[in-house]
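Take a look at the chain below. This report walks through some of its parts, one place at a time.

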Amino acid sequence: AESKGQNNPVFKDYLPGSSDLPEENKPVEPTSLWKQTSHTHSLPPGLEYLNQLDRIIIHQQVELLEAILGTETSSKYEIKNHLGQRVYFAVEENGCFDRNLCSPIRSFTIRIADNTGREVITVNRPLRCNSCWFPCFLQELEVQSPPGITVGYVVQNWDPFLPKFTIQNENKEEVLKIIGPYVTCGCFEDVDFEVKTLNEMSTIGKISKYWSGFVNNVFTNTANFGIQVPVDLDVRIKAVIIGACFLIDLMFFENSLDGL
């Protein structure tokens, strides 16, 4: 539209969750790679419910034997909506050797099932390095939905100071970034890992590790993580971000008091 010989700027693909208005000369990043474009009937079976969610809560169920004796047991999680209703249940599969000797870098398969017991998401993590001094062998994670069909990857990026990850789709095209804080100990406060666009100029969501106190973390099933994303984020990418949450848990909180 023209008014008095001047064109009004039209902003396209304004990212939800961004607090800054687009500027005239600010590059606008295409959002087609992460926005939901598929119809409900063509979504991976079991992921239809994620289409409605912009907040996801993940509870880690703490085993009493692990809390008292320090023995690593297979992790179990409940995945809930913002009302506290369980949507999925997740169980980690690996060997005793991996859990006790390779704890934070251990390989695993996490199987995520819906409330009917149907497996809808599979998360595979190979045994890889967890140090910035080995940039050629950093962490990678594959997410499948349904099992056997890859929907995306989480790839750790080398950085000497910050935890950084890239979310990729099934074709290994980069879609989003995840950037954590300098300090991830989480003592007496929440720890936020921001979900950003590829140019890292806009934040569209976050993965938060919640602090709820030592006693609650050890002796009760407490809320460990919260995921906030745009409601129109592709459900496949939402599934990949859930996988990223498990990876972040093991990499940064497995051996801390807050990670129990």
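At the start of helix H4, a side-chain oxygen of Asp234 comes to within 2.8 Å of the backbone nitrogen of Arg236. The model is predicted, and local features are taken only where pLDDT is at least 70.

Helix H4 covers residues 235-253. How far apart are its end C-alpha atoms? They are 26 Å apart. At 1.5 Å a residue, the 19 residues should span 27 Å, so the two values agree. Is H4 enclosed or open? Of its 19 residues, 18 are buried, so the rest of the structure largely encloses H4.

**A loop residue beside H4**

Leu47 sits in the loop between strand S2 (6-7) and strand S3 (55-61). Is Leu47 buried or exposed? Leu47 has a relative accessible area of 0%, so it is buried. Along the chain, Leu47 and Arg236 are 189 residues apart. In space, their C-alpha atoms are separated by 7.8 Å. Leaving out residues up to four places away in sequence, Leu47 touches Tyr88, Ile121, Ser145, Val235 and Ala239.

**Asn169 and its polar partners**

Asn169 belongs to strand S10, residues 164-169. Its relative accessible area is 6%, so Asn169 is buried. What does its side chain meet? There is a polar contact of 2.8 Å with the side chain of Glu173. A polar atom of the Asn169 side chain also lies 2.9 Å from the backbone nitrogen of Asn171. Beyond four places in sequence, Asn169 touches Leu33, Val151, Gly152, Tyr153 and Val175.

**Thr109 in strand S6**

Thr109 is found in strand S6, residues 108-114. With a relative accessible area of 17%, Thr109 is buried. The cut-off for buried is under 20%. Which side chain does Thr109 join by a polar contact? The partner is Asn124, at 3.0 Å. Asn124 is also among the residues that Thr109 touches, not counting those up to four places away in sequence. The others are Val91, Glu92, Glu93, Thr122 and Val123.

**Salt bridges**

How many salt bridges does the count give? The count comes to nine. Three of these pairs are listed here, with the distance between the closest N and O atoms.

| Acidic residue | Basic residue | Closest N and O atoms |
|---|---|---|
| Glu119 | Arg111 | 3.1 Å |
| Asp159 | Lys164 | 3.6 Å |
| Asp192 | Lys206 | 3.9 Å |

The pair Asp192 and Lys206 links distant parts of the chain. Asp192 is in strand S12, and Lys206 is in strand S13 (residues 203-209), 14 residues apart. Asp192 is partly exposed, with a relative accessible area of 32%. Lys206 is partly exposed too, at 27%. Elsewhere, salt bridges with shared partners join Glu78, Lys80 and Arg86 into one network.

Now take the other two pairs. Glu119 has 26% relative accessibility, so it counts as partly exposed. Arg111 has 33% and also counts as partly exposed. Are Asp159 and Lys164 buried or exposed? Asp159 has a relative accessible area of 19%, so it is buried. Lys164 has 18%, so it is buried as well.

**A nonpolar patch on the surface**

Which residues make the nonpolar surface patch of about 410 Å²? Phe161, Tyr182 and Val183 do. Val183 lies in the loop between strand S11 (174-179) and strand S12 (191-196). Its relative accessible area is 58%, so Val183 is exposed.

**The whole chain**

Step back to the full chain. The secondary structure comes to four helices and 14 strands. The chain has 260 residues, and buried ones make up 49% of them. About 13,000 Å² of the chain is exposed. Carbon and sulfur atoms supply 54% of that area. How much of the contact set joins residues 24 or more positions apart? Among contacts with a separation of 6 or more, the share is 44%. The pair Leu47 and Arg236 shows residues separated by 189 positions with C-alpha atoms 7.8 Å apart.

Methods: Residues are numbered from 1 along each chain as its sequence is written. This is a predicted model: local features need pLDDT of at least 70, side-chain atom pairs count only at pLDDT 80 or more; totals for chains, interfaces and linings use all residues. Side-chain values use heavy atoms; hydrogens and water are left out. Helices (H or I, at least four residues) and strands (E, at least two) are DSSP runs, numbered from the N terminus. The expected span of a helix is 1.5 Å times one less than its number of residues. Buried means under 20% relative accessible area, exposed over 50%, partly exposed in between (1.4 Å probe, protein chains only). A polar contact is a pair of N or O atoms within 3.5 Å; within protein, one must be able to donate a hydrogen and the other to accept it, and residues adjacent in sequence count only if both atoms are side-chain atoms. Contact means heavy atoms within 4.5 Å. Patches are made of residues with over 30% relative accessible area and no salt bridge: like charges are joined within 9 Å, nonpolar side chains (Val, Leu, Ile, Met, Phe, Trp, Tyr) within 5 Å. Accessible areas come from the Shrake-Rupley method with a 1.4 Å probe; for residues, only the protein chains shown count as cover. A salt bridge is a side-chain nitrogen of Lys or Arg within 4 Å of a carboxyl oxygen of Asp or Glu.
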